[in-house]
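Colleague: Please take a close look at one loop with an unusual backbone angle and say where it sits. I should then like the account to continue into the rest of the fold, with helix packing and burial described in some detail.

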Amino acid sequence: MGKNGHVYLVGAGCGKGLITVEGLGVLKSAEVLVYDDLIDEGLLSEAPEDAVRLYVGKRAGRHSKKQDEINQILIENAGEGKRVVRLKGGDAFVFGRGGEEFQAVTEAGFSCSVIPGVSSAIAVPEHVGIPVTHRGVARSFTVVTGHTMDGRSEDFEALAHLKGTLVFLMGLHSCAHISEQLIKYGKSPDTFASIISKGFSHKERRYDTTLADLAHTSEQAESPAVIVIGDTAGMHFSDEASCKGDRKVCLDDLPLYGTQIVVTGTESFSEKTAEVLRGYGAEAEAVKTMEIVPEENPDLCDTEQYRWLVFTSPNGVKTWFGRLLKSGLDLRELYGKRIAVIGRGTADTLRGFGLTADFIPTEYTAFSLGRQLALKISSEGDPENDRVLILRAANGSKMLTEELYKAGIAFEDRAVYRVVSVPDAYDRFSDCDYVVFGSAGGVRAFFKEGRDFREGKKDVRLVAIGRYTAGELVKHTRCDIITAHEFCAEGIAKAIINDMRQAARGLL
């Protein structure tokens, strides 16, 4: 077994966008990705598609892997000559046990590099307007772990006499002990204190208090939390400088702020949609629940007898054109043909292949595409000879073909790809506000094993892209369903924003 593998300990930062440029570059070249809890899950898609992804999350009370097991995973993969990226929340060495992993890897004879990350000890307080140092107020700060594996306590007498800021990580359940010990050794009970719960998430909350009331205040907060004690904890250096409680954001600028949304579907659909929703302030998670499997039809690229080509999704465009080019043909095969697409997203993908759509319906639905294309062909062309070739997923919406059939338009509905379910992908929907479904197939896959969203802690509102997907949802659940009538990420965002505004006005 060779020893030419390499391990990178990469700090992922403690929130979206806080990974370093160097860390992101290494992640993009990983062969094996070993990752924790408390990282931006969007980073997982930055690794190469064929990279092995190994979850080894460790949280108090529910350890997935012991530290020795994690060390062994790193060593075994390095021993296979792999480029291993160990992605850790915050910084690997700030209570991240990165030092133990570095020692284990190097003692086993493998090389190991460390790429620093942005620690929650600094970033989380700063995100809610608390500087850990400030001229004339605090010239230093001390980071302390709130609990240790061996049960040993910190030197609270020394901590109580420090003039700077105290920052406790992983200490939410130790607030009573922290407060008691610091006051015992001379820290004023009136010292400013603040608890920041679930930093950099849609549930981020800042709870301002005093050292004497720290334990009582901690009962309102949720883990993970950062505790700041000292004069800077009374500062509010943020856009909400006068806010003494929860952070407030202008809903006109970020109408989905504070909303947790899970987007299901293929990787390209879920990632793109989640990115758009984040732009509106949502805490959006892309969950790949469906995979694209190209069809092996030998006649897939035969378009000779057709005047119109119709694409109903970006996946259809990418799959079909990929097959065209792979077969040794090129765009000259499409000379004289016209192309119709279902919406802007599909049109944008088509432009990536150097082609502009000849027709886009006014509403991005299968029904509108079928009816309006049929009207166009009937009024401008030759319905008997302008044959239509539909290139899309197997078992697509019948609304498209029904409209063409009623208008007497000759067509062929050719499956370019199939969409198959990703096992176990649907186990991550706990405690969210909205779940987006991008296809009827995704709906059927979710409910196949008798799942229901009402098994969770609260009712979830479901978002369907188009009436066909909404109709499938109605068959399986009594949950509230919102229908996005535009087949694109912006259409989904508009539907959710409208739903939230109606709820705010008491119309739901």
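Modeller: The loop between β16 (388–393) and α12 (398–406) is where N395 is found. The model is predicted, and what follows should be read accordingly. The phi of N395 is near 60°, a positive value in a residue other than glycine. Most residues other than glycine have a negative phi, and most peptide bonds are trans. The relative accessible area of N395 is 68%, and N395 therefore counts as exposed, the cut-off being over 50%.

A second positive phi outside glycine occurs at R97, with a value of about 60°. R97 is placed in the loop between β4 (83–88) and α3 (98–107). The relative accessible area of R97 is 30%, so R97 is partly exposed. Glycine supplies a further positive phi: G186, just after α6, takes a value of about 115°. One peptide bond also deserves mention, since the bond joining S223 and P224 is cis, with omega about -5°. P224 belongs to the loop between α7 and β10.

Those last two features lead to helix α6 (residues 175–184), whose buried residues are C175, I178, S179, Q181 and L182. These buried residues pack against a mixed set of elements, namely α5 (156–160), β7 (165–169), β8 (192–197), α7 (214–218) and β10 (225–229). The elements on either side of the P224 loop, α7 and β10, are thus included among the packing partners of α6.

Helix α13 (residues 440–447) offers another view of burial, as six of its eight residues are buried and the helix is mostly covered. The buried residues are A440, G442, V443, A445, F446 and F447. They pack against β13 (290–294), β17 (411–421), β18 (434–437) and α14 (467–474).

The surroundings of α13 can be followed through A464, a residue of strand β19 (residues 461–465). A464 is buried, with a relative accessible area of 1%. A464 and A440 are separated by 24 residues in sequence, while their C-alpha atoms are 8.6 Å apart in space. Leaving aside residues up to four places away in sequence, A464 touches F437, T469, A470, L473, I481, I482, T483 and A484. Of these contacts, F437 falls within β18 (434–437), and T469, A470 and L473 fall within α14 (467–474). The elements β18 and α14 are therefore met by A464 and by the buried residues of α13.

Two helix pairs complete the local picture. Two packed helices are described by the angle between their axes and the distance between the axes. For helix α9 (residues 314–326) and helix α10 (residues 344–351), the axes come within 8 Å and cross at roughly 25°. This angle is under 35 degrees, so α9 and α10 are roughly parallel to each other. The contact is made by P314, V317, K318 and F321 on the α9 side, with G345, T346, T349 and L350 on the α10 side. The crossing of α9 past α10 is right-handed.

In the second pair, helix α8 (residues 267–279) packs with helix α15 (residues 489–504) at an angle of about 50°, and the axes are 9 Å apart. That angle makes α8 oblique to α15. The handedness of this crossing is again right-handed. F269, K272, T273, V276 and L277 are the contributions of α8, and they meet A489, E490, I492, A493 and I496 of α15.

At the level of the whole protein, there are 15 helices and 20 strands. Of the 508 residues, 48% are buried. The accessible surface comes to about 24,700 Å², and carbon and sulfur atoms account for 49% of that surface. Contacts across long stretches of chain are well represented: among contacts between residues at least 6 apart in sequence, 66% join residues at least 24 apart.

Finally, the cysteines may be considered. A disulfide is a covalent bond between the sulfur atoms of two cysteines. A search of the whole structure finds zero disulfides. Individual cysteines can nevertheless be placed by burial: C112 has a relative accessible area of 13% and is buried, C479 is buried with a value of 6%, and C175 is one of the buried residues of α6.

Definitions and conventions: Residues numbered from 1 in each chain as written. Predicted model: local features only at pLDDT ≥ 70, side-chain atom pairs only at ≥ 80, totals over all residues. Heavy atoms only, no water. Disulfide = S-S within 2.5 Å. Buried < 20%, exposed > 50% of the residue type's maximum accessible area, 1.4 Å probe, protein only. Helix = DSSP H or I, 4+ residues; strand = E, 2+ residues; numbered from the N terminus. Contact = heavy atoms within 4.5 Å. Areas by Shrake-Rupley, 256 points an atom, 1.4 Å probe, with all protein chains shown as cover. Axes fitted to C-alpha atoms, helices over the stretch in contact; angles between N-to-C directions. Parallel < 35°, antiparallel > 145°, perpendicular 65-115°, else oblique. Left-handed = near helix turned anticlockwise from the far one by under 90°.
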